[in-house]
Amino acid sequence: MKKYCIYLFTLVTITSCSDFLDLQPEYQVSEKSFYKSASDFETALIGNYAGLQGIHSTALMYIGELTTDNAEVRWTSPSVSETEADEVSFTPSNGYLNTIWNGSFATISRSNNILARIDGVDLTAERKNQFKGESLFLRAYGYFYLVRLFGEVPMVEVAFRSPNEIMKFDMSRKPISQIYDLIKKDLSEAASLLTNVSGLSRSRASSGAAKALLGKVYLTLGEYDQASAVLKEVIDEQKYSLEPDYFRMFTNGNDELPESVFEIKYLSGNLGEGNSFSSTFTPARFDMAIFPNNMQGNGRIIPTPEMAGSYESGDLRRSLSIGDSVLLVTGKYAKELYGLKFVDFTVGIISDGGINYTSLRYADVLLMYAEALNETGANSEAHTYLNMVRNRAGLVDLSGLSSEEFKLVMERERRSEFFLEGHRWFDLVRTGRLKTVMNQYFQDKGLSFSISDHEWIMPIPLREIDIDPNLEQNPGF
Amino acid sequence: MIPSSLSNDDLTWEKSRQINFGVDLGFFKDRITLTADIYRDLKTDLLLAVQLPAASGFNSSTQNIGDIENKGLELGLSTINFNNSKFQWNSNLTFSANKNKVLKLATGGARISNSAYQITEVGSPISSFYLINKLGVFMNSAELDGAALQHPKTQAGDLKFEDVNGDGVINQSDRKIVGTPWPDFIWGFDNSFTFGNISLNISLVGSQGAFTYLDAGGSLLGDNGVQNNPTLTDRRWRSEADPGDGVMPRAIRSNYAFGFGTSSHFLFDNSFTRIRNLGLSYNLTEGLASRLRVKNLNAYFNVSNVYTFTDYPGYDPESSTTGDNVVNSGIDYLNYPLPRTYTVGIKLSL
């Protein structure tokens with residue numbers, strides 16, 4: 001298992017009023033003596049990747065899954081933020097939205113810090129291209145979540161060096177198209193800068209990851225020709241392949257698998273590098289014997305019965321993704337629905353799961369490509385790529401679907417394939433099906449919740465509006 | 001490695017100008033002594049952590065935010081109430097009151113946001129609580145007629161809030177300053193009694209008028225929970241016939257009526273009187289001591305944190321999760337309460 005530990009240091013600038021007070025703290029590094037060597041930039045980049053661990057372990061999973069018909073809260077005292085996500089009734093004080101806003105902008109600003117400094121440093125062209133490419137990928141990665149969730153957001157491409165610079169900067173929200181232009185530019189540039197870089201872990205940006213993400217960006221914008229072109233490149237380069245054993249991607253030792261395009265590393269051992277999926281996805285029971293130390297789950301993101309029943313018969317993914325009963329300390333089993341993906345059954349400490357989360361994988365590339373092909377009229381070719389993913393799940397080939405039928409089949413296919421991977425909300429918003437699907441679901445369940453027209457994007461976090469009253473709130477919130 | 005804080009070349013020292021008048025008086029051969037101080041302290045270029053927009057990549061930075069004024073009064077009164085060979089009684093009373101006001105902000109805007117609950121605004125004390133203001137509970141459906149509501153589904157039993165901007169809707173634009181974490185005054189009262197070989201010390205402390213935001217209120221007093229709750233929950237609205245006393249809303253799992261979200265519902269007056277210490281000691285008479293072949297024998301019993309009289313529903317009215325941090329003082333998130341300590345001892349001198 002080739003995992004690297006991510007060391008978090010802090011970086012700070014010291015200002016002094018006179019020389020005799022000019023002491024450097026030993027636990028921090030001054031910005032003025034940093035950003036000099038290749039290893040400094042490497043260290044700064046690792047710090048940037050490390051930030052993705054947090055938002056994927058919690059907030060993005062709540063937004064991607066709990067908001068939808070995939071999952072529900074099943075513990076006794078859900079917090080305000082959890083309730084809001086479960087009922088899709090977000091307010092500007094929602095904690096998850098705040099986490100994603102802060103986390104994404106942290107990623108963006110760390111990228112900007114590197115991009116602003118790298119040109120003046122004496123490094124080989126190869127290393128410079130690599131660091132730039134990785135930083136551009138990460139900046140686009142952050143902005144893509146922001147623009148999809150919040151719409152118009154402030155656009156920052158510079159590194160700030162004092163509070164005064166921040167006060168003078170135009171922090172107003174920029175049009176969605178302008179944000180997308182930046183994302184597309186960054187990803188195209190990253191893809192070309194990283195073309196000849198090899199030997200890096202799949203937790204680092206690569207040319208393939210940049211192209212796959214760019215494909216998702218085009219698909220989200222409805223630019224299907226561009227989407228299919230860039231996704232075809234990823235497929236034709238043959239760097240990735242489907243992992244024959246579906247479950248292998250979601251269990252211990254899922255490092256550097258050929259299906260992984262971009263993965264977020266986690267490490268158990270109580271080092272603060274673990275994820276919390278193990279407790280989040282399993283039942284809130286005190287009497288379970290499924291983890292060491294009989295650790296309890298906390299039932300925050302639990303499959304809905306509707307989700308469990310949504311798989312085609314014979315779909316291998318059903319029993320690999322959802323458990324139906326848990327072993328109790330009494331030796332008996334209790335009927336409970338719970339998630340199996342990313343749940344680390346070897347660890348008895350909450351937030352210490354060591355299974356990696358794969359943010360972009362080849363099955364997604366294939367299904368996105370199929371979706372783009374279907375939209376551009378290449379309907380029969382689209383079936384080929386859809387069937388590749390279906391075959392692995394033990395399902396038979398589909399053929400002869402009309403374009404409209406294909407879209408609905410694709411909706412279910414993505415739901416079954418990517419359950420508990422944080423895609424569902426974004427998929428439903430992208431295809432414009434959010435209101436229809438979710439309001440039908442709430443109605444079938446006899447719940448009085450509903451999604452209104454304005455709720456396809458989220459409210460801007462209250463903290464930001466408190467700090468800058470000129471920042472406009474999204475309509476309806 | 002990640003950038004954690006931002007440099008600020010514009011920082012200067014904070015300056016303080018103080019005026020102080022004091023008197024020390026003694027009466028009846030110093031059996032009564034009084035000390036009194038009044039002061040005004042003007043701090044300019046006050047240093048404070050200011051929150052930054054997340055889009056900057058930084059959370060906060062220390063800046064010279066403006067001018068702040070503290071003025072107040074400190075009193076101390078010591079009396080010897082009895083002093084004869086059999087019985088002595090001494091008392092010591094202290095009292096102090098401080099008023100804090102922000103005079104000027106250098107950061108441009110009308111206010112600085114300190115946290116999700118607090119702001120610093122010209123004309124008000126630093127770190128004032130800025131929240132949607134709870135007026136009570138809608139006791140019956142008739143009260144809902146024409147009232148400003150937080151959600152169309154609001155019904156009897158939900159919290160009733162003040163519509164500060166008068167737009168007929170309750171939302172975050174209706175926040176206002178609803179209290180401060182700073183007490184109007186604090187006091188202490190120590191008494192010691194000596195009766196022959198026995199002596200007794202009692203010390204009381206108290207605070208009046210400060211508020212604490214019970215950050216754990218959402219889970220401790222939540223309307224959604226099924227776990228054990230503080231006794232305050234017993235005053236919950238149950239029905240129009242049994243509406244409680246307007247403090248706790250109905251039990252409901254959703255938060256659309258802001259029942260367990262951030263509002264002054266979880267802001268509590270933390271005024272208290274505490275018996276901080278109680279000590280009893282006994283000195284063995286010299287005759288008995290010498291028969292036991294010791295020079296001196298003293299037995300004592302001491303209790304600290306004896307009892308607290310307060311309406312604050314959290315564990316401890318004095319607790320603050322953020323310690324002495326001025327920026328978000330007065331926030332209590334399940335802080336571990338003060339223990340009560342019993343000490344029993346014997347002191348021997350040979």
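Reader: Which exposed residues sit on the face of H7(A) turned away from its buried side?

Author: That face carries A:Ser177 and A:Lys185, exposed residues of H7(A), where exposed stands for 12 or fewer other C-beta atoms within 10 Å of a residue's own, buried for 20 or more and partly exposed for anything in between, with C-beta atoms placed from the backbone. Please keep in mind that this is a predicted model, in which local features need pLDDT of at least 70 and side-chain atom pairs count only at pLDDT 80 or more, whereas totals for chains, interfaces and linings use all residues. Residues are numbered from 1 along each chain as its sequence is written, while chains are lettered from A and ligands numbered from 1 in the order in which they are written.

Reader: And which residues of H7(A) are buried?

Author: They are A:Ile179, A:Tyr180, A:Ile183, A:Asp186, A:Leu187, A:Ala190, A:Ala191 and A:Leu193. Seen down the helix axis, the buried residues of H7(A) fall within an arc of 165 degrees (taken from the directions from the axis to the C-beta atoms), so they line one face.

Reader: What covers the buried residues of H7(A)?

Author: The cover includes H5, strand S4 (153-154), strand S5 (173-174) and helix H8 (207-221) of chain A; helices (H or I, at least four residues) and strands (E, at least two) are DSSP runs numbered from the N terminus.

Reader: Which helix gives the largest share of the largest nonpolar core?

Author: Helix H5 (residues 125-150) of chain A does, with 12 residues. That core has 116 residues, and A:Phe137, A:Leu187 and A:Ala210 are among those with the most contacts inside it; a core here is a set of buried Ala, Val, Leu, Ile, Met, Phe, Trp, Tyr and Cys residues joined through C-beta atoms within 7 Å.

Reader: What does A:Ala210 touch, beyond its neighbours within four places in sequence?

Author: Its contacts, which are pairs with C-beta atoms within 7 Å, placed from the backbone, are A:Phe137, A:Leu187, A:Ala190, A:Ala191, A:Leu194 and A:Ala205.

Reader: Switching to chain B, why does B:Gly188 count as partly exposed?

Author: B:Gly188 counts as partly exposed because it has 16 C-beta neighbours inside 10 Å. The residue lies in strand S12 (residues 185-195) of chain B, and, neighbours within four places aside, it contacts B:Thr94, B:Ser203, B:Leu204 and B:Val205.

Reader: How many residues does each chain bring to the contact?

Author: Chain B brings 38 residues and chain A brings 46. On the chain B side, strand S1 (2-3), strand S4 (60-83) and helix H1 (217-220) are the elements that give two or more residues.

Technical notes. Two residues are in contact if their C-beta atoms, placed from the backbone, lie within 7 Å.
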